[in-house]
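Subject: Structure handover

Hello,

Here is the structure you asked about. Please open it alongside this note; my findings follow below.

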Amino acid sequence: MISFEPCEGEPAVRSQVPWIHPVLICITLAVIAFAIFNFGNVRRFVVGRPIRSRELNQAHMKLVWWLALPVLAADLYSSVAYGPEAGITELASLGVKAKWLILPITASTVFLLVLLIISYVMGVMAYPNGGGAYAISKDNFKHPWVSLVAASALLVDYVLTVAVSVSSGVQTMASSYPVLAGHETLISVFCVFVILLINLRGVSESAQVFAYPTFFFMVCMLLLIGAGFRDEFQHHFVQPSTPPFGTIPQGLTLMLLLKAFSSACSSVTGLETISNAVPIFREGKSGAIKAYIALGIVTSVTLLGFSYHLYVKGISVNPHNTMLSQLAGLYFGHGAMYQIIIIFTFVVLILAANSTFTGFPQLAALVANDRYLPRVLTLRGDRLGYSNGMIVLAALSALLIEVFHAQTNALIPLYAIGVFIAFTVAQLGLTRRWLRTRERGWQIKGAINSFGAAITAMVAVIFAVTKFTGGAWIVLIVLPIIVIAATRIRKHYLDVADELRIDINQVRPTEHRVLSIVLISGIHRLSAEAISFAMSTSKDVIALYIGFDDESIERMEEKWEAWGNPCRLVTIKSEYRSLLYPLSKFVRRIETYEGGKPDHIQLFIAQFVPKKWWHNLLHNQTSLLIRTWMLRHKDVIVSTVPYHLKK
């Protein structure tokens with residue numbers, strides 16, 4: 001609602017413009033109608049020209065590793081802006097003496113990051129076709145529910161990643177620019193919609209849009225770290241603001257320390273995206289490995305350097321000012337460089353959602369190909385991407401944003417549990433693989449993966465326990481529901497396949513007796529075309545007229561007689577002005593009549609097609625309603641006879 005505040009000394013003016021919302025609604029409806037009736041042209045404009053299937057594996061459709069890195073790693077790298085802060089926030093109540101703990105907590109996070117990267121590199125080498133934890137667990141566990149747990153956990157995490165990243169970025173901008181306050185939900189949903197549209201145009205085009213802002217954010221973080229070392233060389237590495245190192249604060253417990261470590265581990269979420277999307281690398285698995293190594297180096301350097309400068313400067317947790325903002329303000333003031341860092345932090349948090357638009361559709365397609373999800377998720381769009389998966393991801397994340405009103409604090413408790421469950425399953429699966437294959441170096445590989453599984457399982461349990469009442473229970477309930485639903489979906493597909501399967505040596509096409517019914521509304525060109533077509537395909541043709549009063553029925557019978565009775569005419573009076581009920585009643589009577597019922601009934605519906613799209617708004621869509629209604633009849637085939645208008 002637009003409002004105007006009266007100036008001092010001036011009479012109050014009208015505080016609202018009531019016509020703005022109806023106008024916006026009318027414009028929106030007109031745009032939607034135009035898009036529906038010109039879907040092909042609109043899709044071509046938004047998505048771009050269709051790409052041939054044979055171009056799928058060509059080089060220009062894939063990404064070189066250094067360009068794929070920022071596209072797939074934006075989720076992981078963006079978390080350096082809040083990962084260390086999330087860990088030390090859990091210890092903020094212990095006072096200044098706890099500030100030094102940010103160093104060992106971050107170092108432990110980096111150690112876990114390196115361990116997971118080594119594990120995923122081994123996973124990419126063993127499973128170069130992508131799939132990550134799902135492909136690993138499917139190959140190494142006998143029971144399918146294990147791989148379904150991994151896939152469900154990752155899919156849930158992907159949806160939450162979009163919701164959390166976009167909401168976090170929008171909240172950051174709203175805190176810096178108060179004019180945006182109160183509109184966070186609308187802006188967040190709009191950002192998700194924009195990311196979806198760009199991704200629908202294909203991976204290569206989205207990379208050209210989204211890769212370079214992530215590079216710029218990396219440069220900004222490295223410049224921030226460099227500025228910190230320059231400051232410390234000038235003012236010493238131990239400054240008046242540096243808290244004491246090594247003191248044990250009163251009230252510190254092992255559970256609290258583990259809780260801080262698990263919160264800091266949000267910095268490693270998004271790591272699995274590269275392994276899920278190996279097929280998009282131009283160099284194949286070698287490109288994915290290069291991306292993992294580069295990502296590990298730059299993320300580790302950033303995390304360690306950032307947390308170290310936070311310690312030296314003694315930065316405190318401030319709910320109204322992030323640690324990154326405080327540190328940048330100390331080094332650069334609030335000038336241009338500070339604004340650039342804040343803006344690119346917002347941008348990369350938004351782009352963190354983009355990486356999941358590659359990972360989610362790839363993983364959903366793999367699971368759907370095994371019949372655990374709807375097969376529509378395996379279909380590629382005009383630009384050879386899994387567009388249906390992208391649309392599902394955008395819809396679910398937008399729904400989450402709407403339900404939780406774009407509040408990051410409400411979404412965070414749901415976050416990261418799923419990805420650590422997937423980490424654990426992947427580590428256990430690789431451990432079983434090395435024990436089974438006993439290939440070269442299997443002892444070392446098995447030790448790395450088993451140790452990694454223990455660490456990630458511990459983090460997942462800590463998340464589940466400490467965040468349970470904050471909303472983690474939702475994920476713990478949703479995951480079993482998804483697994484059960486997936487098994488039911490597969491059972492349905494198997495049942496359908498069993499029922500449709502035939503023995504080609506016994507089952508042959510046979511001729512059936514078909515009775516044709518032509519639904520007419522009068523004697524005109526549409527009726528003539530429909531009856532002519534029906535008489536050309538069947539010997540038994542009935543013209544059915546449903547009238548709402550005796551006069552209209554009498555006029556129809558007289559005209560039919562004058563027309564020469566081209567076929568048998570049946571008239572039915574519908575006192576309740578309904579077409580569906582008397583039509584269904586007549587079809588059921590035909591199906592059971594005593595004179596030898598037909599094997600099939602073919603219902604012909606004449607429909608004219610307007611020349612201009614907006615003409616559709618002037619006519620009812622009765623034929624569509626009848627086709628949908630008649631699906632309930634077992635042996636009734638509905639055919640539409642179109643007539644294209646010339647004016």
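Accessible areas here come from the Shrake-Rupley method with a 1.4 Å probe. On that basis the chain exposes about 32,600 Å². Carbon and sulfur atoms supply 63% of that area. Please keep in mind that this is a predicted model.

**Overall build**

The chain has 647 residues, and 48% of them are buried. It holds 23 helices and five strands. Take the contacts between residues at least 6 apart in sequence: 78% of these join residues at least 24 apart.

**The sheet**

Five strands make one open sheet. Their order is β3-β2-β1-β4-β5, and the pairing is parallel. At the edges stand β3 (568-573) and β5 (636-644). Each has a single partner strand, so one side of each has no neighbour in the sheet. On average, neighbouring strands are turned by 25° against each other, direction ignored.

Look next at β1 (residues 514-520) and β2 (residues 540-547). They pair in the parallel sense over six bridges. Ile 520 has Tyr 545 in β2 as its bridge partner.

Two helices to look at here are α22 and α23. Helix α22 (residues 580-592) packs on the sheet and touches β1, β2, β3, β4 and β5. The direction of α22 makes about 150° with that of β2. Helix α23 (residues 622-629) lies across β1, β4 and β5. Against β4, helix α23 runs at about 160°.

**Aromatic pairs**

A search of the whole structure gives 14 aromatic pairs. One of them joins Tyr 158 and Phe 360. The ring centres are 6.4 Å apart, with 75° between the planes, and the pair is edge-to-face. Tyr 158 sits in helix α7 (residues 144-176) and Phe 360 in helix α14 (residues 336-369), so the pair ties together parts that are 202 residues apart in sequence. Both Tyr 158 and Phe 360 are buried.

Phe 533 and Phe 604 form another pair. Their ring centres are 5.7 Å apart and their planes meet at 80°. Why does that count as edge-to-face? The cut-off is over 60 degrees between planes, with centres within 6.5 Å. The angle of 80° therefore makes the pair edge-to-face.

This pair also reaches into the sheet. Phe 604 belongs to strand β4 (residues 600-609), while Phe 533 belongs to helix α20 (residues 525-537), so the pair links parts 71 residues apart in sequence. Are the two rings' residues buried or exposed? Phe 604 is buried, with a relative accessible area of 0%. Phe 533 counts as partly exposed, at 42% relative accessibility.

There is also an aromatic cluster. Tyr 120, Tyr 292, Phe 420 and Phe 423 form it.

**Charges over rings**

Two cases to check on screen. The charged end of Arg 438 sits over the ring of Trp 442, 4.4 Å from the ring centre. The charged end of Lys 445 sits over the ring of Trp 434, at 4.8 Å from the ring centre.

**One more residue**

Helix α14 also contains Ile 343. Ile 343 is partly exposed, with a relative accessible area of 35%. How far is Ile 343 from Phe 217 in space? The C-alpha to C-alpha distance is 9.2 Å, although the two are 126 residues apart in sequence.

Best wishes

Methods
Residues numbered from 1 in each chain as written. Predicted model: local features only at pLDDT ≥ 70, side-chain atom pairs only at ≥ 80, totals over all residues. Heavy atoms only, no water. Phe/Tyr/Trp six-rings, centres within 6.5 Å; stacked < 30°, edge-to-face > 60°. Helix = DSSP H or I, 4+ residues; strand = E, 2+ residues; numbered from the N terminus. Buried < 20%, exposed > 50% of the residue type's maximum accessible area, 1.4 Å probe, protein only. Lys NZ or Arg CZ within 6 Å of the ring centre and 35° of its normal. Contact = heavy atoms within 4.5 Å. Pairing = 2+ DSSP bridges. Axes fitted to C-alpha atoms, helices over the stretch in contact; angles between N-to-C directions.
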